[in-house]
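Thanks for asking me to look this one over. My notes follow, as numbered points you can read alongside the coordinates.

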Amino acid sequence: MAFWNEKIECMDRPEIEQIQLENLQATLNRVYKNVRHYRKVFREIDFMPEDLQHISDIKKLPFISRRDLSLNYPYDMFAVPLREVVRLHMASINFDDPIVVGFTRSDITSWGELIARNLAAVGVTKDDVVQIALTFGITTGPFGVQVGAEQIGASVIPMSARKFEDQVKIMRDFRTTTLVSTPTVAIGLSQMMEEMDVDPNKLALKHAILGSEPWSESTRSHIESKMHITATDTYGLTELFGPGVAWECPAKNGLHIAEDHFLPEIIDPVTLETLPPGSLGELVLTSISKQAFPLIRFRTGDLTRIDYAPCTCGRTHCRIARIFQKCDDVVVIKGTSITPEQISRVLSKITGGQPVFQLMIEQVDKLDQLIVLLEISDFTFFDEMKKQNILIERLHREISEFLGWDVTVKLVEPGTFDSNRKVLDKRIFK
Ligand SMILES: [Zn+2]
């Protein structure tokens, strides 16, 4: 089984903890000195960086949330001057809660290292051709994948989100061996291959690394059998580099977290108590290598469990279970995180009222679909069919435009859904 950095990836637990302690101490010193927010919250609890004697002392520190990050928009969470930042990305392009993240040159190298480990684990070498079918834009998505693949020396195709027909032609003509995309795109490509009568056995494609949205074991089997490949999961957050935070090795039994770059914890999202290994809870991550934008005890909002048992692949870094669920009402669909509040704002703007609605997510032909159910009321012209149709069309257009992909909008009678439940996710992640 291939390793990119075998010494680090297979070190024993005391060595990992020693690296974590040293990197955490250095990170705390840096943020205390350079980031007003951390200085303030550390002083509030009378904590100085040198008070951290063991990695478990991290429990004394407060959590940081996405709300804290957007309150410090744009640059107040940066731990280095802007002249040392070589890249800026946004974790959310919603300007109600904007979050901007920065990378120094060494952060970009670290990010590439994380991705190179992921790619090497699934067999990518300099002989491979990596097609990146993630949108190149203000969010981090594919940029780290590109750096990591180039560190390995593979040939990178920065395909971005082009139409499926073009993707399949490039895949065939360029002899792509590795696809990096969302599971939704992989399914779309497999369907397009059938439509174009492209035989997967005649392609060079061997493997797909898929992430940015939850996907099930049955979706994995479907993609693997349709495309005649293996497929593994990858996990990341723009607030913490992006893709490459954790990823599946070929054992497909949990996602390894690079413990020399991150210190993971699991907490009860209600009581905020730290939970023992194996418990299901919210993943909290501390970045211990990042220079420009280090985060201490960042609440990811993702529910998972941690397993510290050694993996059959030989790696010693802990594994998290695949993530299917968020702690709050955030729902991830087609690689986009959506909250009911965002949709509520669009609905209110158009209808001029306080709409009662539910976001229903279901799968049709293995593809995720979002249906916005809106209760009929005075402002939905309940007695005029023509005006209702115009309203549905406008809602459809504006919400689809806001999200960047197509949604369905339905007007329904009051009582059709539980109005206390803003999200009904009918996808099955098993
Ligand atoms: Zn493994």
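**Notes on the fold**

1. Let me start with one residue pair: in β19, Val372 is the residue that stands opposite Leu359. Please keep in mind throughout that this is a predicted model. The pair belongs to a longer match, in which β18 (residues 357–364) and β19 (residues 367–375) run antiparallel and are joined by eight bridges.

2. Those two strands sit within an open sheet of four, ordered β20-β19-β18-β21, and the pairing in that sheet is mixed. At its edges are β20 (408–412) and β21 (423–425), each of which pairs on one side only. From one strand to the next, the twist averages 25 degrees. Have a look at helix α11 (residues 385–403) as well: this helix lies across β19 and β20 and runs at about 145 degrees to β20.

3. A second open sheet of four strands has the order β10-β11-β12-β15, and here the pairing is antiparallel. The edge positions go to β10 (262–267) and β15 (325–326); each has a single partner strand, so one side of each is left without a neighbour in the sheet. Inside the order, β11 (residues 281–287) and β12 (residues 298–304) run antiparallel and are joined by four bridges. If you want a residue to anchor the register, Leu285 has Phe298 in β12 as its bridge partner.

4. Now for some parallel pairing, around strand β5. Strand β3 (residues 129–132) runs parallel to β5, with three bridges between them, and Val130 stands opposite Thr178 of β5. β5 also pairs with strand β6 (residues 207–211), again in the parallel sense, over four bridges. Val180 has Ile209 as its bridge partner in β6. To get from β5 to β6 the chain passes through helix α8 (residues 183–195), making a β-α-β crossover that is right-handed.

5. Which way do the residues of β5 (residues 178–181) point? Thr178 and Val180 point one way, Leu179 and Ser181 point the other way, and all of them are buried.

6. The largest nonpolar core has 86 residues, and the members that touch the most others are Ile132 and Ala186. Helix α5 (residues 105–121) supplies the largest share of this core, with seven residues. Setting aside neighbours within four places in sequence, Ile132 is in contact with Pro142, Val145, Gln146, Val156, Ile157, Pro158, Met159 and Val180. That list takes in Val180, one of the β5 residues described above as buried.

7. There is also a second, separate core, of 15 residues, and Leu347, Phe357, Leu370 and Leu395 are among them. You will find Phe357 at the start of the range given for β18 and Leu370 within the range for β19, while Leu395 falls in the range for helix α11.

8. Finally, the overall picture. The protein chain has 11 helices and 21 strands, and its C-alpha atoms fill a box of roughly 70 × 60 × 40 Å along the principal axes. A compact globule of 430 residues would have a radius of gyration near 22 Å, and the 23 Å of the protein chain agrees with that. Of the 430 residues, 41% count as buried. Among contacts between residues at least 6 apart in sequence, 67% join residues at least 24 apart.

Definitions and conventions
Residues numbered from 1 in each chain as written. Predicted model: local features only at pLDDT ≥ 70, side-chain atom pairs only at ≥ 80, totals over all residues. Pairing = 2+ DSSP bridges. Core = buried A, V, L, I, M, F, W, Y, C linked by C-beta atoms within 7 Å. Buried ≥ 20, exposed ≤ 12 C-beta atoms within 10 Å, placed from the backbone. Contact = placed C-beta atoms within 7 Å. Axes fitted to C-alpha atoms, helices over the stretch in contact; angles between N-to-C directions. Right-handed = clockwise from strand over helix to strand, strands pointing away. Rg over C-alpha atoms; globule rule 2.2 N^0.38 Å.
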